[in-house]
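Here is a short briefing to read alongside the structure. It goes through the disulfides, then a helix and a strand, and ends with the chain as a whole.

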Amino acid sequence: MRVVAAVLWALAGTSWALEESSVGSLYDQHFPPLHANCTQSLTDLLLLRHEVQLKELKEEEKVSSGILREMADTLTDIRGALTLISTSTESPCPGNFIKFGETCLYLAKSTYVTWEAARVYCHGLGGDLAVFRDANAFADALNYAKASGLSNPAHIWVGGSDIALEGEWKWISGEDMPRGTPFWGDYNYVREPAGGLRENCANLFSGDGFLIHDVSCDSKYNPLCQIKNT
């Protein structure tokens with residue numbers, strides 16, 4: 001009996017030794033001991049990953065910065081456009097005056113007065129009878145007159161006369177009035193001005209496409225008032 005127990009005890013000890021040896025070998029197989037360079041490799045890997053992340057963040061920052069810059073430029077353009085629209089929609093001319101180039105014009109369609117009274121009327125609106133220093137300004141006035149809806153025949157006072165000296169037609173601004181085409185019209189195939197001493201004031205006559213004709217200053221016509229757009 002004692003011999004059997006001793007044998008069993010020896011077998012158990014051997015088994016435990018084998019088990020310890022087996023477990024140790026399995027651990028060493030799957031979890032080998034770290035070498036000296038392993039820690040350095042892990043550190044390098046972590047640093048490399050961190051560096052990549054930093055580059056990605058910088059790229060994202062560049063992209064974000066570019067987007068913000070584009071948004072700022074877009075908002076600036078929008079603000080400029082809105083300012084332009086606001087400026088263009090605000091009328092630079094007072095009251096019923098309409099902007100034409102550098103001036104504002106107003107045709108008083110319901111007012112019929114003499115040439116001198118027409119000037120007084122326009123003064124009351126802050127201006128004077130209209131003058132045209134070039135063909136473009138004159139064309140604007142013609143288009144305005146033609147679109148006014150005045151009944152034919154219609155006459156419109158403008159700021160020209162030869163009251164001071166017969167035959168020397170001047171604007172009320174003191175400048176010489178242009179002569180001939182395309183400013184002055186014809187009457188009975190005679191080029192205006194042709195009225196002599198009897199007709200010393202200038203008007204736009206609808207019967208001749210609203211070209212300039214000379215008439216009596218005492219006639220009662222519609223004033224075309226003008227204010228310089230400053």
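## Disulfides and their surroundings

Cys-93 counts as buried, with a relative accessibility of 7%. Please keep in mind that this is a predicted model. The cysteine has a partner: a disulfide joins Cys-93 to Cys-104, with an S to S distance of 2.0 Å. The protein has 3 disulfides by the distance rule, and the points below take them in turn.

**Cys-93 and Cys-104**

- Cys-93 sits in the loop between helix H2 (36-89) and strand S1 (98-100), while Cys-104 belongs to strand S2 (residues 103-107), so this bond ties together parts that are 11 residues apart in sequence.
- The partner, Cys-104, is buried too, with a relative accessible area of 1%.
- The link of Cys-93 and Cys-104 is left-handed, with -75° about the S-S bond.

**Cys-122 and Cys-225**

- A disulfide joins Cys-122 to Cys-225, and here the S to S distance is 2.0 Å.
- This pair links distant parts of the chain, with Cys-122 in helix H3 (residues 115-124) and Cys-225 in strand S10 (residues 222-228), 103 residues apart.
- The link of Cys-122 and Cys-225 is left-handed, at -80° about the S-S bond.
- How buried are the two ends? Cys-122 has a relative accessible area of 0%, and Cys-225 is likewise buried at 0%.

**Cys-201 and Cys-217**

- The sulfur atoms of Cys-201 and Cys-217 are 1.9 Å apart and form a disulfide.
- Cys-201 lies in strand S8 (residues 201-205) and Cys-217 in the loop between strand S9 (211-215) and S10, so the bond ties together parts that are 16 residues apart in sequence.
- With 95° about the S-S bond, the link of Cys-201 and Cys-217 is right-handed.
- Cys-201 and Cys-217 are both buried.

**The pattern of pairing**

- Counting the bonded cysteines along the chain, the disulfides follow the pattern 1-2, 3-6, 4-5.

**Helix H3**

- Which residues of H3 are buried? They are Trp-115, Ala-118 and Cys-122.
- Those buried residues cover an arc of only 50° around the axis, which puts them on the same side of H3.
- Val-120 and Gly-124 are exposed, and they are carried by the face of H3 turned away from its buried side.
- The cover over the buried residues of H3 includes strand S3 (128-129), strand S4 (155-161), S8 and S10.
- After H3 comes Gly-126, which has a positive phi, near 95°.

**Strand S10: Asn-222**

- Asn-222 lies in strand S10, and with 3% relative accessibility it counts as buried.
- What does the side chain of Asn-222 meet? One of its polar atoms lies 3.2 Å from the backbone oxygen of Ala-108.
- The backbone oxygen of Lys-109 also lies 3.1 Å from a polar atom of the Asn-222 side chain.
- Neighbours within four places in sequence left aside, the contacts of Asn-222 include Leu-107, Ser-110, Thr-111 and Tyr-112, as well as Leu-150, His-155, Ile-156 and Trp-157.

**Strand S10: Cys-225**

- Cys-225 also belongs to strand S10.
- Leaving aside neighbours within four places in sequence, Cys-225 is in contact with its disulfide partner Cys-122 and with Tyr-121, Leu-125 and Asp-128, among others.
- Phe-97, Cys-104, Leu-105 and Tyr-106 are also among the contacts of Cys-225, and Cys-104 is itself one end of the disulfide to Cys-93.
- The C-alpha atoms of Cys-225 and Leu-129 are separated by 4.5 Å, although the two residues are 96 residues apart along the chain.

**The chain as a whole**

- The secondary structure comes to 4 helices and 10 strands.
- Read from the N terminus on, the elements run α-α-β-β-α-β-α-β-β-β-β-β-β-β.
- Of the 230 residues in the protein, 30% are buried.
- Among contacts with a separation of 6 or more, 68% are between residues 24 or more positions apart.
- The accessible surface comes to about 15700 Å², and carbon and sulfur atoms account for 59% of it.

Methods
Residues are numbered from 1 along each chain as its sequence is written. This is a predicted model: local features need pLDDT of at least 70, side-chain atom pairs count only at pLDDT 80 or more; totals for chains, interfaces and linings use all residues. Side-chain values use heavy atoms; hydrogens and water are left out. A disulfide is a pair of cysteine sulfur atoms within 2.5 Å. Helices (H or I, at least four residues) and strands (E, at least two) are DSSP runs, numbered from the N terminus. Buried means under 20% relative accessible area, exposed over 50%, partly exposed in between (1.4 Å probe, protein chains only). A polar contact is a pair of N or O atoms within 3.5 Å; within protein, one must be able to donate a hydrogen and the other to accept it, and residues adjacent in sequence count only if both atoms are side-chain atoms. Contact means heavy atoms within 4.5 Å. Accessible areas come from the Shrake-Rupley method with a 1.4 Å probe; for residues, only the protein chains shown count as cover. The arc is that of the directions from the helix axis to the C-beta atoms.
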